Amino acid sequence: MPTLYVTHPAALAHQTPLGHPERPERIRAVEGVLEKERFASLIREKAPMAEMESLTLAHPEHYVIGIRDMAPREGLIRIDEDTVMSPGTYEAALRAAGGAVLAVDEVMSGQVRNAFVAMRPPGHHAERSRAMGFCFFNNAAIAARHAQSRHGAERVAILDWDVHHGNGTQDIFWRDPTVMYCSTHEMPLYPGTGAASEQGECGTIVNAPLATGSDGAAFREAMETIVLPRIEAFSPDLIVISAGFDAHWRDPLAGLNFTEADFAWATWKMMDLADRFCGGRLVSVLEGGYDLEGLSKSVAAHVDALMGRDMRS
Ligand SMILES: [Zn+2]
């Protein structure tokens, strides 16, 4: 079965100030690499705008309306120190969430094996009622809840390997026994949450912080000893990956030293779990990744793995 790739040109219309790391060129870099011949067999679809009923799976309606009403008609406005809205931001954010919903629909209905959604703005810092850290709507959380509400998934596991902790996803699922949120991330680092002691009210939050300077070996060890056994015991019906690639050694925003081979390895491990528990069902959504070369090489390795190619051999 094929792999689905979801994006939309509206992702380029979310503008940030000159010098801001979360910039349209990130999506162009992903597009550039996935245009290559070896990705020709990807199923390609445009991300639709998420409906209110999808957004309110993770956010209160008044929050969604507040974001919509904050969007400027021209110029840029700041939501916080690093989170900025331009006239194109609201549509891009709707399509980032809508792309994740579309990917869940196609994966859960068996039309594709798995999916990668390359949109921006990213989502994992967006809490139920707070935009922050470049994020407005929590795309991974909406995807997980949509799989439950529309497709009958009982348990969904989210793995977040972005270098930053996904405080937003943790906030949304803090009291939810049906969604397991697992994160590897550098600590200490923005946003400051993600200690191993933060386990949620139902024990379904799994944080595996990594010390600054950690490389892929430390990541693989945390995955093998902490994350993978917990997801296995949880026996999910769908796996969602918050796929940030800013733990790459080239990335300017953080201090971990993963290579693209580490992302491919982790993708394989998650596909193995998906094969055993979820009929292969896996949806990956782009989060961070700010060095264009590190990002595009990591995305290529990730999507190669999703397509079933083992580039190690
Ligand atoms: Zn990040």
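1. A residue is called buried here when its relative accessible area is under 20%. Asp-162, with a relative accessibility of 1%, therefore counts as buried, and His-164, at 8%, falls under that heading as well. The model in which these values were computed is a predicted one.

2. Both of these residues belong to the zinc site, where the protein donors are two OD atoms of Asp-162, ND1 of His-164 and an OD atom of Asp-246, at 2.0 to 2.8 Å from the ion. Along the chain, the donor residues follow the spacing D-x1-H-x81-D.

3. The geometry of the zinc site deserves a careful reading, since the angles among the four donor atoms run from 52 to 155° and the site is classed as irregular. A tetrahedral assignment would require all angles to lie between 85 and 135 degrees. Water is not among the atoms, so a site may look incomplete.

4. On the annotation side, an unreviewed UniProt entry places the feature "domain: Histone deacetylase" at residues 20-306. Over that range the chain is 40% helix and 15% strand, with 30 Å between the C-alpha atoms at its two ends.

5. The largest nonpolar core holds 97 residues, and those touching the most other members are Leu-34, Phe-116, Phe-137 and Met-270. Helix H4, spanning residues 89-108, supplies the largest share of this core with 12 residues.

6. For Phe-137, once neighbours within four places in sequence are set aside, the contacts include Leu-55, Tyr-63, Val-64 and Ile-67, together with Tyr-90, Ala-93 and Leu-94. Among its other contacts are His-59, Pro-122, Gly-123, Ala-126 and Ile-142.

Technical notes:
Residues are numbered from 1 along each chain as its sequence is written. This is a predicted model: local features need pLDDT of at least 70, side-chain atom pairs count only at pLDDT 80 or more; totals for chains, interfaces and linings use all residues. Side-chain values use heavy atoms; hydrogens and water are left out. Donors are N, O and S atoms within 2.8 Å of the metal (3.2 Å for Na, K and Ca); water is not among the atoms, so sites may look incomplete. Four donors count as tetrahedral if all angles lie between 85 and 135 degrees; four count as square planar and six as octahedral if opposite donors are over 155 degrees apart and all others between 65 and 115; anything else is irregular. Buried means under 20% relative accessible area, exposed over 50%, partly exposed in between (1.4 Å probe, protein chains only). UniProt positions are given in the numbering used here, feature names are shortened, and annotations may be inferred rather than shown by experiment. Helices (H or I, at least four residues) and strands (E, at least two) are DSSP runs, numbered from the N terminus. A nonpolar core is a set of buried Ala, Val, Leu, Ile, Met, Phe, Trp, Tyr and Cys residues joined through side-chain atoms within 4.5 Å. Contact means heavy atoms within 4.5 Å.
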